[in-house]
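Biologist: Before we start, could you take me through how one reads such a model, feature by feature, with the general idea first and the particular case afterwards?

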Amino acid sequence: MKYDKVCLEAFLKNQQQLFDEPVAETLEEADDFLQDCMAVVKKDFKQAKRYFKDNMDASGMSDDEIREACELFALPDGRYLIVEG
């Protein structure tokens, strides 16, 4: 998957929500990292929620709990980046 600049910049800016120390410092490093961990981008919260329910043992989690999950990065354009650390 190819990650666009919006995804990469959002991940660089907010990576501390998932990791104690930075895992990337440049857009290229962020792209490599996201490729390595097979991060996914969903077009809206409904799709992100379905991904959580299907792939991340989110049964019983409320919408707010999913929105606050450290693996979920809200992008400024309304999409969501999901990074499984």
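Biologist: Let me begin with a single residue: where is the place of Met38?

Modeller: Keep in mind throughout that this is a predicted model. Met38 lies in the loop between H2 and strand E1 (40–42), and this residue comes just after H2.

Biologist: What is the phi of Met38, and how should I read such a value?

Modeller: As a general idea, most residues other than glycine have a negative phi. In this structure, the phi of Met38 is near 55 degrees, a positive value in a residue other than glycine. Met38 is also exposed, with a relative accessible area of 66%.

Biologist: Which value does phi take at Asp57?

Modeller: The phi of Asp57 is near 50 degrees, again a positive value in a residue other than glycine. Asp57 sits in the loop between H3 and H4, and with a relative accessible area of 68% it is exposed.

Biologist: Turning to the helix that precedes Met38, which residues of helix H2 are buried?

Modeller: In helix H2, which spans residues 27–36, the buried residues are Ala30, Asp31 and Leu34. When one looks down the axis of H2, these buried residues fall within an arc of 100 degrees, so they line one face of the helix. On the other side of H2, Glu28 and Asp36 are exposed.

Biologist: What do the buried residues of H2 pack against?

Modeller: They pack against helix H1 (5–14) and strand E3 (80–82).

Biologist: Asp31 is an acidic residue, and I would like to place it carefully: is Asp31 buried or exposed?

Modeller: The way to read this is to compare the relative accessibility with the cut-off, since buried means under 20%. Asp31 has a relative accessibility of 12%, and therefore counts as buried.

Biologist: Which residues does Asp31 touch, if those up to four places away in sequence are not counted?

Modeller: With that exclusion, Asp31 touches Lys2, Tyr3 and Leu8.

Biologist: Let us move on to charged pairs: how many salt bridges does the structure hold?

Modeller: There are five salt bridges in the structure. One of them is formed by the side chains of Asp4 and Arg79, which meet at 2.9 Å, N to O. That pair links distant parts of the chain, with Asp4 in the segment before H1 and Arg79 in the loop between strand E2 (72–74) and E3, 75 residues apart.

Biologist: What are the relative accessible areas of the two partners, Asp4 and Arg79?

Modeller: Asp4 is partly exposed, with a relative accessible area of 32%, whereas Arg79 is buried, with a relative accessible area of 18%.

Biologist: Which residue other than Asp4 is joined with Arg79 in a network?

Modeller: That residue is Asp77, whose side chain meets that of Arg79 in a salt bridge of 2.8 Å, N to O. Asp77 is partly exposed, at a relative accessible area of 44%. Salt bridges that share partners thus join Asp4, Asp77 and Arg79 into one network.

Biologist: And which side chain meets that of Lys49 in a salt bridge?

Modeller: The side chain of Asp63 does, at 2.7 Å, N to O. This pair also links distant parts of the chain, with Lys49 in helix H3 (residues 45–55) and Asp63 in helix H4 (residues 63–67), 14 residues apart. Lys49 is partly exposed, with a relative accessible area of 27%, and Asp63 is partly exposed, with a value of 30%.

Definitions and conventions: Residues numbered from 1 in each chain as written. Predicted model: local features only at pLDDT ≥ 70, side-chain atom pairs only at ≥ 80, totals over all residues. Heavy atoms only, no water. Buried < 20%, exposed > 50% of the residue type's maximum accessible area, 1.4 Å probe, protein only. Helix = DSSP H or I, 4+ residues; strand = E, 2+ residues; numbered from the N terminus. Arc of directions from axis to C-beta. Contact = heavy atoms within 4.5 Å. Salt bridge = Lys/Arg side-chain N within 4 Å of Asp/Glu carboxyl O.
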